[in-house]
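Subject: Structure handover

Hello,

Here is the structure I said I would pass on. My notes on what turned up in it follow below.

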Amino acid sequence: MVKRRETKTLNRSSALLESRRCLGCHNPPCVDSCPARVPIPDFIQRISEDNLQGAAELIYDACPLGHICGTACPTADLCEGSCVLVPLGERAVRIGALQAYATGNAEAPRKEKVAPGAPRVAVIGGGPAGLGAAAQLERLGVEVHLFERRREFGGQANSVIPEHHLPQAVVDHDISRIGFGQTHFHAGVNVDEILAAKLIGEYEAVIVAIGQQASPDPGIQGDKSQGVFHALDYLARARTAHTREGTIPLLGSTVVVIGGGNVALDAAAVAKRNGAERVIVLYRRGLEEMPAWEYEYIEACALGVEFRWFSVADRIVSENGKVSGVTIGHMRYSEEIRGGRRWVEPDISKQPTHLDCDAVVLALGQSSELDLLRWMGIAENRGLAAVEKGRFQTTNPKVFAAGEIRSGGSSIVGSMASGMQAAREAHAWLVKEGITRG
């Protein structure tokens, strides 16, 4: 699932003042910490000169989703976390806010048409990775066709992230900017086995940039009871109710959220913001091991969300088919290390406990749709597209993988940068193979 943080808006005077705090480092660690390698000191210098158009051009050259990333990137763990002012005891330059200010106040440039006879590349998936790939391919003179099964582009950034973290106007700003170019957008198109074969046959290359979906089977007894929600579905309905149409599901007065990632904490915050009196998050590890970003945890605590550490849902209890509570099992750290993390095991010294609740929200990870890989002749590795380390080309040489289908969960900027890198590699392969049309 994509990771992010909230950014407060700057006006002209505050942006000018903030921009002049930047030291303009020669080898800026903030750039090294940015997956898109946005030239941060350079665009901040242009803001200080009141040249917003020039600043935005630098940003968008490196980051086609510049306004989205400026608004919703986890900057405290990326660029701002590396600011040289922090070790000096000062607050980091507000890089995200400055980027959002510049990109939100600049016009989209005119784009040249793709030359006749240019190679055609299909991009499957209209989330950050697919949009990044499309924007980069277009710059390289490729005719791009972008296929998205939803009616809207943007992926989970446009369907799951709460409106208070990422306003719809910000998403629309960047997507319309990409749409202003020469990329052919195909919305509401589900790539099945027949269409997959057609794309392989009719396009010179294909970039698979599909994201991940909620795991269909959480493995908890009672998960089919009325009042059990998957977090991605709940967040999508909540965002749609805020930005388009529909209503937010009423979860009742006491809600249990199972999971410790950003999705879980977003679901907890949205439930609390929409009337739940108590929201309790169950996480199988301790706070220091929770994968959610720190600002997500701070926001949840500020809203009154409760946390039960070293806790799992052994069973969802129901009465007449409706959720009435959960049976909580207790965990403890074991001596085993897996993937560089301490593993957990049941704490046999503690008896399971019962917690009454009206609804349960499941946020227990996501998985990839592997059918598309099989249809395209792509080998998979642990539920992801198999690629060589540091590469994007799959076992089918004309197909490249980007974003979450290649690496698992990522941030918006990380997924977008992955799409851009896949596009560069695909274009280099086309050139090497001498593939042109006409």
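To begin with a charged residue on the outside: Lys 224 is exposed, with 68% relative accessible area. The model is a predicted one, so please read every value here as computed from it. Lys 224 makes a salt bridge with Asp 223, and the closest N and O atoms of the two are 2.8 Å apart. Asp 223 itself counts as buried, at 15% relative accessibility.

Salt bridges

The search of the whole structure gives 18 salt bridges. Apart from the one just described, two others deserve a note.

Glu 289 pairs with Arg 342, with 3.6 Å between the closest N and O atoms. Glu 289 sits in the loop between β8 (278-283) and α12 (294-303), while Arg 342 belongs to strand β12 (residues 341-346), so this salt bridge ties together parts that are 53 residues apart in sequence. Glu 289 is buried at 17% relative accessibility, whereas Arg 342 is partly exposed at 33%.

Glu 345 pairs with Arg 332, and here the closest N and O atoms are 3.2 Å apart. Since Glu 345 is in strand β12 and Arg 332 in strand β11 (residues 322-338), the pair ties together parts that are 13 residues apart in sequence. Both residues are partly exposed: Glu 345 has a relative accessibility of 29% and Arg 332 has a relative accessible area of 32%.

There is also a network, in which salt bridges with shared partners join Glu 18, Arg 21, Glu 90 and Arg 91.

Cysteines

How many disulfides does the search of the whole structure find? The number is 0. Cys 30 is in no disulfide, and the nearest cysteine sulfur, which belongs to Cys 25, is 6.5 Å away. Cys 30 is buried, at 10% relative accessibility. For Cys 83, the closest cysteine sulfur is that of Cys 30, at 6.9 Å, which is too far for a bond. A disulfide here requires the two sulfur atoms to be within 2.5 Å. Cys 83 is buried as well, with a relative accessible area of 11%.

The open sheet

An open sheet of 5 strands runs in the order β3-β2-β1-β4-β18, and its pairing is parallel. The edges are held by β3 (184-187) and β18 (399-401); each has a single partner strand, so one side of each is left without a neighbour in the sheet. On average, neighbouring strands of the sheet are turned by 20 degrees against each other, direction ignored.

Two of the pairings can be given in detail:

- β1 (residues 120-124) and β4 (residues 205-208) run parallel and are joined by 4 bridges. Ile 124 has Val 208 as its bridge partner in β4.
- β1 and β2 also run parallel, joined by 5 bridges. The bridge partner of Val 123 in β2 is Leu 146.

Strand β2 (residues 143-148) is mostly covered, with 6 of its 6 residues buried. Glu 143, His 145 and Phe 147 point one way from the strand, and Val 144, Leu 146 and Glu 148 point the other way. The buried set in β2 thus includes charged side chains such as Glu 143 and Glu 148.

Nonpolar cores

The largest nonpolar core has 66 residues. Those with the most contacts inside this core are Val 38, Ile 40, Phe 43, Ile 47 and Ile 207. Helix α15 (residues 412-433) gives the most to the core, with 9 residues. Leaving aside residues up to four places away in sequence, Ile 40 touches Cys 30, Val 31, Cys 79 and Ile 95. A second, separate core has 30 residues, among them Ala 238, Ala 267, Ala 268 and Ala 363.

Helix α6

Helix α6 (residues 95-103) is mostly covered, and 9 of its 9 residues are buried. They are Ile 95, Gly 96, Ala 97, Leu 98, Gln 99, Ala 100, Tyr 101, Ala 102 and Thr 103. What covers them includes α1 (12-19), α2 (29-32), α3 (40-48), α4 (52-62), α5 (66-72) and α8 (168-179). Ile 95 in this helix is one of the residues touched by Ile 40.

Regards

Definitions and conventions: Residues are numbered from 1 along each chain as its sequence is written. This is a predicted model: local features need pLDDT of at least 70, side-chain atom pairs count only at pLDDT 80 or more; totals for chains, interfaces and linings use all residues. Side-chain values use heavy atoms; hydrogens and water are left out. Two strands pair if DSSP finds at least two bridges between them. Helices (H or I, at least four residues) and strands (E, at least two) are DSSP runs, numbered from the N terminus. Axes are lines fitted to C-alpha atoms, for helices over the stretch in contact, and angles run from 0 to 180 degrees between N-to-C directions. A salt bridge is a side-chain nitrogen of Lys or Arg within 4 Å of a carboxyl oxygen of Asp or Glu. Buried means under 20% relative accessible area, exposed over 50%, partly exposed in between (1.4 Å probe, protein chains only). A nonpolar core is a set of buried Ala, Val, Leu, Ile, Met, Phe, Trp, Tyr and Cys residues joined through side-chain atoms within 4.5 Å. Contact means heavy atoms within 4.5 Å.
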